[in-house]
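Please read this note with the sequence and the model open beside you. The points go from the whole chain to single residues, and each term is explained where it comes up.

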Amino acid sequence: MEDDFLEIAILDTSSDIGGLKDTYKKAADVLAYLLHQESVEPSRKATFMVVVHDGRLPMVNMTKEFAYHLINNMEEPERERLKGILKEDISEFGIENETLTDFVEMELLDTVNTYRKWEYGKYAIENFINSFDKYELHREWETKDLDHKILLEIFASNLDRDQEKWDPQTKVFLVQALKYRLDPNFSNIASYGLVGDLVKQNLVYLSIEMNRLKSAFKESLSQAVDRGRRRGPKR
């Protein structure tokens, strides 16, 4: 019974969501805004809604992609109800529509903040890793024969020595990203839940610093691979 529940509960992110984006865009925008509004200064919230709408921040766009998957996994009656709300919507951004906001809070936001939180964290990690071109880290991706525990230790120590002096939460995000790249089953639900929380709290920062985060990830991983190869293959 428990296994059946888990199979039903796990979010299916394998489907193509391209066809949903025109119909449900405002709902995805509202979810992204509501999920991250607590980390935005009150005086900046109106500007943040515009940024969400325009899709200027990569981690906001990731959240919106996750929202489309949530909508795609809805039961048909709920999805049709949302479509009906959006069809009648005349607001500029969606957040002004109380009926739409209430629906998003109850049907989408509540699930992300509870049992979908770990899936949101995992989705954020997948999105970060997939943002690298498959040839961008060609040599560094060849880690199969190296000791993964040692690689993670060296990678984390490299981040500590990095001139950027990454804060603990950013470091956790980058280490979890490497764990996922080495083995998607490396992390557990609790780890992904932690990532989900820190992405919610640091969405704007992670978005603005995305290029530097990617550079730090590449550099730290390259150094870890070099040192790992000198130590020899895993035993």
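**Note on the model**

1. The protein chain exposes about 12800 Å², and carbon and sulfur atoms supply 48% of that area. Accessible areas come from the Shrake-Rupley method with a 1.4 Å probe, and for residues only the protein chains shown count as cover. Please keep in mind that this is a predicted model, in which local features need pLDDT of at least 70 and side-chain atom pairs count only at pLDDT 80 or more, while totals for chains, interfaces and linings use all residues. Residues are numbered from 1 along each chain as its sequence is written, and side-chain values use heavy atoms, with hydrogens and water left out.

2. The protein chain has 12 helices and zero strands, where helices (H or I, at least four residues) and strands (E, at least two) are DSSP runs, numbered from the N terminus. Read along the sequence, the pattern is accordingly α-α-α-α-α-α-α-α-α-α-α-α. Of the 235 residues of the protein chain, 48% count as buried; buried means under 20% relative accessible area, exposed over 50%, and partly exposed in between (1.4 Å probe, protein chains only).

3. How many of the contacts between residues at least 6 apart in sequence join residues at least 24 apart? In the protein chain the share is 79%, with contact meaning heavy atoms within 4.5 Å.

4. A good place to look at such contacts is Asn-158, which lies in helix α8 (residues 148–161). Leaving aside neighbours within four places in sequence, Asn-158 is in contact with Ser-220, Gln-223, Ala-224 and Arg-227. Asn-158 counts as buried because its relative accessible area is 4%. Ser-220, on the other side of one of these contacts, is found in helix α12 (residues 210–231). Ser-220 is also buried, because its relative accessible area is 2%, and, not counting residues up to four places away in sequence, Ser-220 touches Phe-155, Asn-158 and Leu-159.

5. Leu-159 comes up again with Lys-171, a residue of helix α9 (residues 168–182). The C-alpha atoms of Lys-171 and Leu-159, which are 12 residues apart along the chain, are separated by 7.0 Å. Apart from neighbours within four places in sequence, Lys-171 is in contact with Ala-156, Leu-159 and Asp-160. Is Lys-171 buried or partly exposed? Lys-171 counts as partly exposed, because its relative accessibility is 22%.

6. Pro-184 has its place in the loop between α9 and α10. With 39% relative accessibility, Pro-184 counts as partly exposed. The C-alpha atoms of Pro-184 and Lys-122 are separated by 9.2 Å, although the two residues are 62 residues apart along the chain.

7. The structure holds 12 salt bridges, a salt bridge being a side-chain nitrogen of Lys or Arg within 4 Å of a carboxyl oxygen of Asp or Glu. In one of them, the side chains of Glu-119 and Arg-116 meet at 2.8 Å, N to O. Glu-119 counts as buried because its relative accessibility is 8%, and Arg-116 counts as buried because its relative accessibility is 10%.

8. The side chains of Arg-56 and Asp-54 also meet in a salt bridge, at 3.0 Å, N to O. Here Arg-56 counts as exposed, at 55% relative accessibility, whereas Asp-54 counts as partly exposed, at 42%.

9. Which parts of the chain does the salt bridge between Asp-197 and Lys-117 (3.4 Å, N to O) link? This pair links distant parts, with Asp-197 in helix α10 (residues 189–201) and Lys-117 in helix α7 (residues 117–130), 80 residues apart. Asp-197 is partly exposed, with a relative accessible area of 25%, and Lys-117 is partly exposed at 23%. Elsewhere, Lys-25, Asp-29 and Lys-64 are linked in a network of salt bridges.

10. Finally, Glu-98, Asp-102, Glu-105 and Asp-110 gather in a patch of negative charge on the surface. Such patches are made of residues with over 30% relative accessible area and no salt bridge, with like charges joined within 9 Å and nonpolar side chains (Val, Leu, Ile, Met, Phe, Trp, Tyr) within 5 Å. Lys and Arg count as positive and Asp and Glu as negative, while His and the chain ends are not counted; the place of a charge is taken as NZ of Lys, CZ of Arg, CG of Asp or CD of Glu. Asp-102 is found in helix α6 (residues 98–113) and counts as partly exposed, at 34% relative accessibility.
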